Amino acid sequence: MKYADLHVHTYYSDSTFSPKQVIDIAHEKGIDVIGITDHDCFGGIDEACACAKEYNIEIVPGIEISAITDDDKEIHILGYYLDRKDEDFLKKLEIIYASRIERVYLVTKLLQEKGLDIEAQDIFNIVGKGTISRLHIARAIYEKGFVRSLGAAFKKYIGVNAPCYLPHMKISPQETIESILAAGGVPVIAHPITMNDDSLISELVDYGLKGIEVFHTNHSVSDEKKYKKIAKQFDLIMTGGSDCHGDAKRNVLLGSRLVQYEVVEQLKRASLNNV
Ligand code: AMP
Ligand code: MN
Ligand code: MN
Ligand code: MN
């Protein structure tokens, strides 16, 4: 039996692991398939594929987009098996990338106004090779000694409701799902528990949602049960993964949530039906 962890980040977004480290650990743990799902970029996929060949590990190419609803609710949408050369999709990623850089300068200014001796470059220095997120800003605040933990950086400065919080660029769940479909990909709602409103799922299904992440590090056994039922109700593919971020989220270990290979085959079929 082959098993897959379908939700893994690299240092192309906010994990501390390189694609090679991810694959080395997957090999050590005997994980057969890894879904690379960095925030807003495909950067880590080719490197992961190259390293994975050596161990006969299969890579499921993916992405995680943070959509925002009209009433400012954040909904993360995973996309699997997109055409990574799709021009319209790449254009959108470029716009998101530029807005995330701009946001670093704006948040840095707010932090300076709160008396922190911090520069945008301090944040850029700890970013890997791709998408810049609040987790990098939190790490810079922590590493410069202004707080005692990453959690405190969010609570005191950059968490939602904290004084230096700025949201990232707004992209709606509908636009996100439709863009993933248009690029031949399979849209899946990530960790639905964080949405805190299951009634939104039927709306996402109307936009073209094809799967739901039933198994996730933040889901309890009863959450899994609930989302399995919802998956059956809407005929959605039941995916799962650890959402490993390397050492940036220490309690989230690669392979801590796995699904059977059948799920990978379902995703492949769904992407082929979508072209
Ligand atoms: P962004 O997409 O740039 O707004 O950044 C979101 C990143 O910050 C994700 O990796 C989140 O998991 C992380 N994050 C948000 N709030 C917290 C928190 N309170 N503690 C730790 N990480 C957080
Ligand atoms: Mn993240
Ligand atoms: Mn997420
Ligand atoms: Mn994630």
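**View 1. The manganese ion (ligand 4) and its four protein residues in the predicted model.** H7 and H9 each bind this ion through NE2, E64 through OE and D243 through OD. These contacts span 2.1 to 2.2 Å. Along the chain, the donors follow the spacing H-x1-H-x54-E-x178-D.

**View 2. H9 and D243, a pair that links distant parts of the chain at the manganese ion (ligand 4).** H9 sits in the loop between β1 (3-8) and α1 (19-29). D243 belongs to the loop between β7 (237-241) and β8 (259-260). In the sequence they are 234 residues apart. H9 and D243 are both buried.

**View 3. The manganese ion (ligand 3) with its protein donors E64, H76 and H191.** The donor atoms are OE of E64, ND1 of H76 and NE2 of H191. They lie 2.1 to 2.2 Å from the ion. Their spacing along the chain reads E-x11-H-x114-H. E64 is also listed among the residues that coordinate the manganese ion (ligand 4).

**View 4. E64 and H191, a pair from distant parts of the chain at the manganese ion (ligand 3).** E64 is in strand β3 (residues 58-68), while H191 lies in the loop between β5 (186-189) and α8 (200-207). The two residues are 127 residues apart. Both E64 and H191 are buried.

**View 5. Distances from the manganese ion (ligand 2) to two other manganese ions.** The manganese ion (ligand 4) is 4.7 Å from the manganese ion (ligand 2). For the manganese ion (ligand 3), the distance to the manganese ion (ligand 2) is 5.7 Å.

Methods: Residues numbered from 1 in each chain as written. Chains lettered and ligands numbered in written order. Predicted model: local features only at pLDDT ≥ 70, side-chain atom pairs only at ≥ 80, totals over all residues. Heavy atoms only, no water. Donors = N, O, S within 2.8 Å, 3.2 Å for Na, K, Ca; no water. Helix = DSSP H or I, 4+ residues; strand = E, 2+ residues; numbered from the N terminus. Buried < 20%, exposed > 50% of the residue type's maximum accessible area, 1.4 Å probe, protein only.
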